[in-house]
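Please load the model in the viewer and keep the selection panel open. The stops below are meant to be followed in order.

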Amino acid sequence: MRADGAAAITVGNGDFAFTADITGMQTFPAFHDQAAAHPEKRLAVNTATMPTWG
């Protein structure tokens, strides 16, 4: 079995959301960079921290 760096999970409560990669943080930006993914024709999952108040 091997870790999938493109897999991400988002947790939130409706007012705040945090997306993390397989490390539990946002430490593999190469897997989540939209600009790098486009030429390679692959999907990049945005790892964002998003509040409703921001």
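This tour of a predicted model goes from a sheet to its strand pairings, then to one residue and one ring pair.

**Stop 1: the sheet**

Select residues 9–12 and 49–51, which are strands E1 and E3, and add residues 16–20, which form strand E2. Together these strands make an open sheet of 3 strands, ordered E1-E2-E3 and paired in the antiparallel sense. E1 and E3 are its edge strands, each pairing on one side only. On average, neighbouring strands of the sheet are turned by 15° against each other, direction ignored.

**Stop 2: the pairing of E1 with E2**

Now restrict the display to E1 and E2, whose antiparallel pairing runs over 4 bridges. Label Ile-9 and Ala-20 in E2, which are bridge partners. Then label Gly-12, which stands opposite Ala-17 of E2. What lies between the two strands of this hairpin? There are 3 residues between E1 and E2, and Gly-14 in the turn has a positive phi of about 100°.

**Stop 3: Thr-19**

Select Thr-19, located in strand E2. Is Thr-19 buried or exposed? Its relative accessibility is 7%, so Thr-19 counts as buried, the cut-off for buried being under 20%. Display the side chains of Thr-19 and Thr-10 and find the polar contact between them, at 2.8 Å. Next, show the surroundings of Thr-19, leaving aside its neighbours within four places in sequence: Thr-19 is in contact with Ala-8, Ile-9, Thr-10, Gln-26, Asn-46, Thr-47 and Ala-48.

**Stop 4: the pairing of E2 with E3**

Bring E3 back into view beside E2. These two strands pair in the antiparallel sense over 3 bridges. Select Phe-16 and look across to Pro-51 in E3, which stands opposite.

**Stop 5: the aromatic pair**

Keep Phe-16 selected and add Trp-53. A pair of aromatic rings is described by the distance of the centres and the angle of the planes. For Phe-16 and Trp-53 these are 6.1 Å centre to centre and 15° between the planes, and the pair is stacked. The count of aromatic pairs comes to 1. Which parts does the pair tie together? Phe-16 lies in strand E2 and Trp-53 in the segment after E3, so the pair links parts 37 residues apart in sequence.

Finally, colour both residues by relative accessibility. Phe-16, at 36%, counts as partly exposed, whereas Trp-53, at 63%, counts as exposed, the cut-off for exposed being over 50%.

Methods
Residues are numbered from 1 along each chain as its sequence is written. This is a predicted model: local features need pLDDT of at least 70, side-chain atom pairs count only at pLDDT 80 or more; totals for chains, interfaces and linings use all residues. Side-chain values use heavy atoms; hydrogens and water are left out. Two strands pair if DSSP finds at least two bridges between them. Axes are lines fitted to C-alpha atoms, for helices over the stretch in contact, and angles run from 0 to 180 degrees between N-to-C directions. Buried means under 20% relative accessible area, exposed over 50%, partly exposed in between (1.4 Å probe, protein chains only). A polar contact is a pair of N or O atoms within 3.5 Å; within protein, one must be able to donate a hydrogen and the other to accept it, and residues adjacent in sequence count only if both atoms are side-chain atoms. Contact means heavy atoms within 4.5 Å. Rings of Phe, Tyr and Trp (its six-membered ring) pair if their centres lie within 6.5 Å; planes under 30 degrees apart count as stacked, over 60 as edge-to-face and the rest as tilted.
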